[in-house]
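Colleague: Before I rely on any label in this description, I would like each one traced back to its value and its criterion. Could we go through them one at a time?

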Amino acid sequence: MYLPPHDPHVDDPMRFKPLFRIHLMERKCATVECMYGHKGPHNGHIQIVKKDEFSTKCNQTDHHRMSGGRQEEFRTWLREEWGRTLEDIFHEHMQELILMKFIYTSQYDNCLTYRRIYLPPSSPDDLIRPGLFKGTYGSHGLEIVMLSFHGKKAKGTKITGDPNIPAGQQTVEIDLAHPLQLPDIENLHDFSELSRIVLEVQEQVRREEQEQEQRQEEEEHSQQAASQPSANPLGGDGAEGEETAAGAEGTTQNKAPASQPFVLPMGVISRNEDYPRTCRICFYGTGLIAGHGFTSPERTPGVFVLFDDDRFGFIWLELKSFSLYSRIKVSFQNAEAPSREAFDEMLKNIQSLAT
């Protein structure tokens, strides 16, 4: 199991924890040992369910328990996962979220299912190299996000989740066709100024989506009414030219990013105050928020901030919160997707599992 570093140190390396091991014996026999818990290896079982999927089951779950009961298990988990004690955490809401995460994770420690994850394919036009990133999620701690590029969109998909947003969900979406021009450093301190800029772009995106839907409807009506293949060439060419211009503008800014000063607006909360004070470029984006148990999910506006090749951030406008992401620099063998279609299919599958 690859675990993120302790919150909020996103630049620290990942941690490694063995979950099971297999002893290959003579005559094609094997024994399986569960490594979970604090009492050493014990008897386990592995079942291959189907291609790219298998399950492990512990046959001696008493090895996962501690003599001091759940309270001792929780305190041990807290030290290992968060690097701190319960007494260090004064915020009641944070204590509640951490306890929920412990309950969720510990109740499945006896039977785990593993599914293959492909790393996202890359292309020369990508803003940065796609891959896995460690990100700060407020009181939830650090979580793992996969950044992938899909034409004029970039997606951040949760590989690990929390009681609000489960793994597999698209935590952020970046609109690469709509770069944001941040105010100068003096006005950037003003949250209302940043909010005004983002909401203006949100309204512009809404209008463009409505116009696109309208054009598609008109083209469908024209094709039905006319025998010629292209009943509305001017409208079609105009739309295509408009999209190309927007894409060209984004590409131009991506290829030659100019560094600019950056500071979080007053009132925006960040778990990590050690974020970069300069950035390359910013884009309009949306972030997924929900109540406990993934209730009432909704996409809300935000700002994607690209700092460098290995770090980016996201300002959650509605939450007045900032997430900082840092690249995971671990080499995973045989993790490349056989094709773009296979990767897209994997994304759909893990999202459907989460819902």
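**Values set against criteria**

Modeller: Strands S15 and S16, the latter covering residues 295-308, are antiparallel partners joined by ten bridges. I should say at once that the model is predicted.

Colleague: What makes S15 and S16 a pair?

Modeller: A pair needs at least two bridges by the DSSP assignment, and ten bridges are found between S15 and S16, so the criterion is met. One of these links is that between Gly291 and its bridge partner in S16, Thr295. The two strands also form a hairpin with three residues between them, and Gly293 in that turn has a positive phi of about 75°.

Colleague: Which residue in the loop between S15 and S16 has a positive phi although it is a residue other than glycine?

Modeller: Phe294, which is placed in that loop, has a phi near 60°. Ser296, which lies in strand S16, is also a residue other than glycine with a positive phi, here near 50°.

Colleague: Why is Ser296 called exposed?

Modeller: The term exposed is kept for a relative accessible area over 50%, and Ser296 has 64%, so the label follows. Thr300, which is found in strand S16 as well, has a relative accessibility of 2%; buried means under 20%, and Thr300 therefore counts as buried. Not counting residues up to four places away in sequence, Thr300 touches Gly285, Thr286, Gly287, Ile289 and Glu318.

Colleague: How do you know that S15 is mostly covered?

Modeller: Of the eleven residues of S15, ten are buried, and each residue with that label has a relative accessible area under 20%. S15 also pairs in the antiparallel sense with strand S11, residues 170-180, over five bridges, and in that pairing Ile174 stands opposite Gly285.

Colleague: What makes Pro163 buried?

Modeller: Pro163 is found in the loop between strand S10 and S11, and its relative accessible area is 3%. The limit for buried is under 20%, so Pro163 is given that label. Leaving aside neighbours within four places in sequence, Pro163 is in contact with several residues, among them Leu97, Tyr104, His140 and Gly293, where contact means heavy atoms within 4.5 Å. Between the C-alpha atoms of Pro163 and Gly293 the separation is 5.6 Å, with their positions 130 residues apart along the chain.

Colleague: Why is the one space of about 110 Å³ called a cavity?

Modeller: A cavity is a set of points where a 1.4 Å probe fits but cannot get out, so the term rests on enclosure. The search of the whole structure finds one cavity of 30 Å³ or more, and about 110 Å³ of space lies in the largest cavity. Its lining holds 17 residues, and Leu19, Phe20, Cys34, Thr56 and Lys57 lie nearest its centre. Strands S4, S5, S6 and S7 each supply at least two residues of that lining, which divides into ten nonpolar, four polar and three charged residues.

Colleague: What makes S4 and S5 a pair?

Modeller: At least two bridges are required, and two bridges join the antiparallel strands S4 and S5, so the requirement is met. Glu33 has Asn43 in S5 as its bridge partner. S4 is also paired with strand S3, in the antiparallel sense and over five bridges, with Leu24 opposite Ala30. S3 and S4 form a hairpin with five residues between them, and Arg27 in the turn has a positive phi of about 60°.

Colleague: What is the volume of the second largest pocket, and which residues are closest to its centre?

Modeller: About 640 Å³ of space lies in the second largest pocket. Its lining has 27 residues, with Tyr137, Gly138, Ser139, Leu319 and Ser321 the closest to its centre. A pocket is an open set, whereas the points of a cavity are ones from which the probe cannot get out, so the two terms are kept apart. Helix H2 and strands S13, S15 and S18 each supply at least two residues of the lining of this pocket, which divides into eleven nonpolar, twelve polar and four charged.

Conventions: Residues are numbered from 1 along each chain as its sequence is written. This is a predicted model: local features need pLDDT of at least 70, side-chain atom pairs count only at pLDDT 80 or more; totals for chains, interfaces and linings use all residues. Side-chain values use heavy atoms; hydrogens and water are left out. On a 1 Å grid over the protein atoms alone, a cavity is a set of points where a 1.4 Å probe fits but cannot get out, and a pocket is an open set with protein on both sides within 12 Å along at least five of seven lines; lining residues have an atom within 4 Å of a point. Grid points are joined across faces, edges and corners, and a volume is the space filled by probe spheres set on the points. Helices (H or I, at least four residues) and strands (E, at least two) are DSSP runs, numbered from the N terminus. Ala, Val, Leu, Ile, Met, Phe, Trp, Tyr, Cys and Pro count as nonpolar, Asp, Glu, Lys and Arg as charged, and the others, Gly among them, as polar. Buried means under 20% relative accessible area, exposed over 50%, partly exposed in between (1.4 Å probe, protein chains only).
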